[in-house]
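Work through these exercises with the sequence and the 3D view side by side. Try each task before reading its solution.

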Amino acid sequence: MATTVFNVEDIQLRDGSNVKLKPLSIKELREFMKVIAKTETATTEEETMAILVEACGIPLFSQLADLENNLDKLEDVLDMPTISHILEVCGGIKLDDPNLLAAAVLAGQNSI
């Protein structure tokens, strides 16, 4: 009998649609990390938010084809807690990680 090494979570988006969250495949993870890497050059919160929404699209587009290539529509079905959860479950990124927050503070101090 095979053992599953990850959990699948069902969540509901703001429009009422249901999606299943699970860790990304290696191929999807490569694409996801390319998108997340764009945050290094983002200079505003708006740019960063757009990048996070785009990253969330990677695990969602296969389930909600009508959202593919339509980031405005994707923004309508997401909120920050949902974005945070999708990034954590699918991509392994914790936005509320204390180490990540400390690094962001230090980066801000070093740019002055």
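Strands here are DSSP runs of E with at least two residues, and they are numbered from the N terminus. Keep in mind that this is a predicted model.

**Exercise 1. Place S17 and describe its surroundings.**

Step 1: find the element. S17 sits in the loop that joins strand 1 (9-12) to strand 2 (18-21).

Step 2: decide whether S17 is buried or exposed. Buried means under 20% relative accessible area. S17 has a value of 18%, so S17 is buried.

Step 3: look for a polar partner. The side chains of S17 and D15 make a polar contact at 2.6 Å.

Step 4: list the contacts beyond close sequence neighbours. Leaving out residues up to four places away in sequence, S17 touches I11, Q12 and L64.

**Exercise 2. Do the same for D66.**

Step 1: D66 lies in the loop between helix 2 and helix 3 (71-77).

Step 2: apply the cut-offs. Partly exposed covers values between the 20% and 50% limits. D66 has a relative accessibility of 48%, so D66 counts as partly exposed.

Step 3: the side chain of D66 makes a polar contact with the side chain of K73, at 3.2 Å.

**Exercise 3. Check the length of helix 4, then find what its buried residues pack against.**

Step 1: helix 4 covers residues 80-91, which is 12 residues.

Step 2: the expected span is 1.5 Å times one less than the number of residues. For helix 4 that gives 16 Å.

Step 3: compare. The end C-alpha atoms of helix 4 are 16 Å apart, so the two values agree.

Step 4: pick out the buried residues of helix 4. They are T82, I83, I86, L87, V89, C90 and G91.

Step 5: these buried residues pack against strand 1, strand 2, helix 1 (26-37) and helix 2 (45-61).

Step 6: look just past the end of helix 4. There G92 takes a positive phi of about 75 degrees.

**Exercise 4. Describe the second largest pocket.**

Step 1: its volume is about 150 Å³.

Step 2: name the lining. It consists of V8, K20, K22, P23, L24, S25, E28, P59, S62, Q63 and C90.

Step 3: sort the lining residues by type. Five are nonpolar, three are polar and three are charged.

**Exercise 5. Sum up the whole chain.**

Step 1: the chain has five helices and two strands. From the N terminus on, their order is β-β-α-α-α-α-α.

Step 2: of the 112 residues, 29% count as buried.

Step 3: take the contacts with a separation of 6 or more. Residues 24 or more positions apart account for 48% of them.

Definitions and conventions: Residues numbered from 1 in each chain as written. Predicted model: local features only at pLDDT ≥ 70, side-chain atom pairs only at ≥ 80, totals over all residues. Heavy atoms only, no water. Helix = DSSP H or I, 4+ residues; strand = E, 2+ residues; numbered from the N terminus. Buried < 20%, exposed > 50% of the residue type's maximum accessible area, 1.4 Å probe, protein only. Polar contact = N/O pair within 3.5 Å; in protein donor to acceptor, adjacent residues only side chain to side chain. Contact = heavy atoms within 4.5 Å. 1 Å grid on protein atoms, 1.4 Å probe; cavity = no way out; pocket = protein on both sides within 12 Å on 5 of 7 lines; lining within 4 Å. Points joined across faces, edges and corners; volume = space filled by probe spheres on them. Nonpolar A, V, L, I, M, F, W, Y, C, P; charged D, E, K, R; others polar.
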